[in-house]
Amino acid sequence: MKLNWGTSIVIAIISFMGFIMYFVITMSTGKNYNHDLVTEKYYQQELEFQNKINATKNAKALKDNIKTEKVTEGIKVLFPMNFNPKDIKGKVFLYRPSDKQLDFEIPISISKTYLLVPENRLLGGRWNITVSWSYKNKDYLFQKELVY
């Protein structure tokens, strides 16, 4: 059977469409390509956004803000020295952009001016750390990207 150029173009177009459909189906059903939303409660977080802005402004107005250090035991979160550690309340949230199963949260309960995030909870790579804390009924928010 001899093919003319019109039939060849139709076969080429159908082959290309089949090729594209194969990749669309593979990407949408494959477990390796599972990309979740950053958060499940994105609308609720949007409503709380002004509180975060105010807390960030409070943290930036401090003379000494929170600092992070990489040590052999993990990550040390250093709070301002002039604050009483027993009055600091809040939480530290570590977010792993590449895998939401690695995200975790630690409540702040310290007796010294630092909190240690243990090394066994951290895998090498990029992390976003968010420290949401209050001191004497004033809220503060510290956010930083770090590589462990």
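**Exercise 1. Find out how confident the predictor is along the chain, and which elements mark the two ends of the scale.**

Solution. Start with the whole chain: this is a predicted model, and its average pLDDT is 85. Next, look at the spread: 95% of the residues score at least 70. Now go element by element. Helix α1 (residues 5-29) has the highest mean pLDDT, 92, while helix α2 (residues 42-47) has the lowest, 78. Keep one reading rule in mind: where pLDDT is low, predicted coordinates should not be read in detail.

**Exercise 2. Compare the "transmembrane region" listed by UniProt with the predicted fold of those residues.**

Solution. First take the record: an unreviewed UniProt entry gives residues 6-25 for this region. Then turn to the model, where residues 6-25 are 100% helix and 0% strand. Finally, check the span: the C-alpha atoms at the two ends lie 29 Å apart.

**Exercise 3. Describe the aromatic pair of Phe83 and Trp133, and say where its two partners lie.**

Solution. Begin with the total: the structure holds eight aromatic pairs. In the pair of Phe83 and Trp133, the ring centres are 5.6 Å apart and the planes meet at 55°, which makes the pair tilted. Next, place the partners. Phe83 is in the loop between β2 (74-78) and β3 (88-95), and Trp133 is in strand β6 (residues 126-135). With these positions 50 residues apart, the pair links distant parts of the chain.

Are the two residues buried or exposed? The cut-off for buried is under 20% relative accessible area. Phe83 has 9%, so Phe83 is buried. Trp133 has 2%, so Trp133 is buried too.

Trp133 also pairs with Tyr140: the centres are 4.5 Å apart and the planes are at 25°, so this pair is stacked. Tyr140, like Trp133, is buried. To finish, put the pieces together: ring pairs join Phe79, Phe83, Trp133, Tyr135 and Tyr140 in a cluster.

**Exercise 4. Locate the rings that have the charged ends of Lys76 and Arg121 over them.**

Solution. Take Lys76 first: its charged end sits over the ring of Tyr114, 4.4 Å from the ring centre. For Arg121, the ring belongs to Phe104, and the distance to the centre is 4.0 Å.

**Exercise 5. Work out the surroundings of Arg96.**

Solution. Place Arg96 first: this residue is found in the loop between β3 and β4 (104-107). Its relative accessibility is 12%, so Arg96 counts as buried. Then look for a polar partner: the side chains of Arg96 and Ser98 are joined by a polar contact of 3.1 Å. Last, leave out residues up to four places away in sequence; Arg96 then touches Leu102, Asp103, Leu123, Gly124, Gly125, Arg126 and Trp127.

**Exercise 6. Examine the backbone angle phi and the exposure of Lys136 and Asn137.**

Solution. Find the place first: Lys136 lies in the loop between β6 and β7 (138-147), and Asn137 lies in the loop between β6 and β7 as well. Then read the angles. Lys136 has a positive phi of about 55°, although this residue is not a glycine. Asn137, also a residue other than glycine, has a positive phi near 60°. For the exposure, the cut-off is over 50%. Lys136 has a relative accessible area of 62%, so Lys136 is exposed. Asn137 has 83%, so Asn137 is exposed as well.

Note on methods
Residues numbered from 1 in each chain as written. Predicted model: local features only at pLDDT ≥ 70, side-chain atom pairs only at ≥ 80, totals over all residues. Heavy atoms only, no water. pLDDT = per-residue confidence, 0-100. Helix = DSSP H or I, 4+ residues; strand = E, 2+ residues; numbered from the N terminus. UniProt positions renumbered as here; feature names shortened; annotations may be inferred. Phe/Tyr/Trp six-rings, centres within 6.5 Å; stacked < 30°, edge-to-face > 60°. Buried < 20%, exposed > 50% of the residue type's maximum accessible area, 1.4 Å probe, protein only. Lys NZ or Arg CZ within 6 Å of the ring centre and 35° of its normal. Polar contact = N/O pair within 3.5 Å; in protein donor to acceptor, adjacent residues only side chain to side chain. Contact = heavy atoms within 4.5 Å.
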